[in-house]
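Got the viewer open? Let's take a walk through this one, starting from a single side chain and working outwards.

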Amino acid sequence: MLSLSPATRVFVAVEPVDMRKSFNGLHAAVETVLAQDILSGHLFLFTNRRKTRVKAIYWDGSGLVVYAKRLEHGRFGWPVGPGPSRSLRPEELTVLLHGLEARSRPRWYRR
């Protein structure tokens with residue numbers, strides 16, 4: 001279970017990364033792609049091209065922690081937008097990690 005303090009910010013990389021990356025590769029991506037400090041204690045999320053896998057990395061005060069999740073069905077509702085990253089609220093992180101899409105209307109809805 002991922003337990004974060006209320007002060008922890010969540011940054012999501014908009015562009016996909018190679019999911020073979022682990023501690024060193026994700027650490028480099030945080031500093032070069034997201035232009036953030038890995039030692040800040042914030043959570044950084046990355047996905048693959050198909051948006052079926054997620055890796056998260058953060059500094060817990062004593063070392064780096066990497067979490068990984070793979071969906072068996074469907075895809076993660078990954079945020080899009082300008083720039084290299086987006087910031088998520090804690091409830092949006094929960095929705096994203098459960099494989100749900102945070103939309104105002106269901107996908108099947110038509111006007």
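Where in the chain is His42 found? Look in the loop between helix 1 and strand 2. Before going on, keep in mind that this is a predicted model, so every distance below is computed from predicted coordinates.

Loop or not, His42 counts as buried, because its relative accessibility is 16% and the cut-off for buried is under 20%. Its side chain has a polar partner too: one of its polar atoms lies 3.0 Å from the backbone nitrogen of Arg9. Setting aside neighbours up to four places away in sequence, His42 is in contact with Ala7, Thr8, Arg9, Phe11, Ile57 and Tyr58.

Now zoom out for the overall layout. The protein chain has 2 helices and 5 strands, and reading along the sequence gives you β-α-β-β-β-β-α. Of its 111 residues, 32% count as buried. Take the contacts between residues at least 6 apart in sequence: 55% of them join residues at least 24 apart. The accessible surface comes to about 7,500 Å², and carbon and sulfur atoms account for 52% of that.

Next, the inside. In soluble globular proteins, nonpolar side chains tend to be buried together. Here, the largest nonpolar core holds 14 residues, and the ones touching the most other members are Val10, Leu43, Leu45 and Trp78. Two or more residues each come from strand 1 (10–13), strand 2 (43–47), strand 3 (53–59) and helix 2 (90–97). Strand 3 is the top contributor, with 3 residues.

Leu45 is a handy place to centre your view. Beyond its neighbours within four places in sequence, Leu45 is in contact with Val10, Phe11, Val12 and Ala13, with Val54, Lys55 and Ala56, and with Trp78, Leu88, Leu93 and Leu96. There is also a second, separate core, made of 12 residues, with Val17, Leu26, Ala29 and Ile57 among them.

Two of those names take us to helix 1. This helix covers residues 23–32, and Leu26, Ala29 and Val30 are buried in it. Why do they line one face of the helix? Seen down the axis of helix 1, the buried residues fall within an arc of 100°, so they share a face. The general geometry is familiar: an α-helix has 3.6 residues a turn, so residues three or four places apart point the same way. Over on the other side of helix 1, Asn24 and Thr32 are exposed. As for what covers the buried residues of helix 1, the list includes strand 2, strand 3 and strand 4 (64–70).

Let's hop to the beginning of the chain. Leu2 is found in the segment before strand 1, and it counts as partly exposed because its relative accessibility is 23%. Which residues does Leu2 touch, not counting those up to four places away in sequence? They are Leu43, Tyr58, Tyr67 and Leu97. Leu43 has already come up as one of the best-connected members of the largest core. As for Tyr67, 65 residues separate it from Leu2 along the chain, while the C-alpha atoms of the two are separated by 8.6 Å.

Last stop: the charged groups. Side chains of opposite charge can pair when their charged atoms come close. How many salt bridges does the count come to? The count is 4. One of them joins the side chains of Arg70 and Glu72, at 2.8 Å from N to O. Glu72 counts as exposed, because its relative accessibility is 56%.

Arg89 is worth a click as well. It forms a salt bridge with Glu91, where the closest N and O atoms are 2.6 Å apart, and another with Glu92, where the closest N and O atoms are 3.6 Å apart. Arg89, Glu91 and Glu92 are thus linked in a network of salt bridges. Each member of the trio counts as partly exposed: Arg89 has a relative accessible area of 48%, Glu91 comes in at 44% relative accessibility, and Glu92 is at 25%.

Terms used. Residues are numbered from 1 along each chain as its sequence is written. This is a predicted model: local features need pLDDT of at least 70, side-chain atom pairs count only at pLDDT 80 or more; totals for chains, interfaces and linings use all residues. Side-chain values use heavy atoms; hydrogens and water are left out. A nonpolar core is a set of buried Ala, Val, Leu, Ile, Met, Phe, Trp, Tyr and Cys residues joined through side-chain atoms within 4.5 Å. Buried means under 20% relative accessible area, exposed over 50%, partly exposed in between (1.4 Å probe, protein chains only). Helices (H or I, at least four residues) and strands (E, at least two) are DSSP runs, numbered from the N terminus. Contact means heavy atoms within 4.5 Å. The arc is that of the directions from the helix axis to the C-beta atoms. A polar contact is a pair of N or O atoms within 3.5 Å; within protein, one must be able to donate a hydrogen and the other to accept it, and residues adjacent in sequence count only if both atoms are side-chain atoms. Accessible areas come from the Shrake-Rupley method with a 1.4 Å probe; for residues, only the protein chains shown count as cover.
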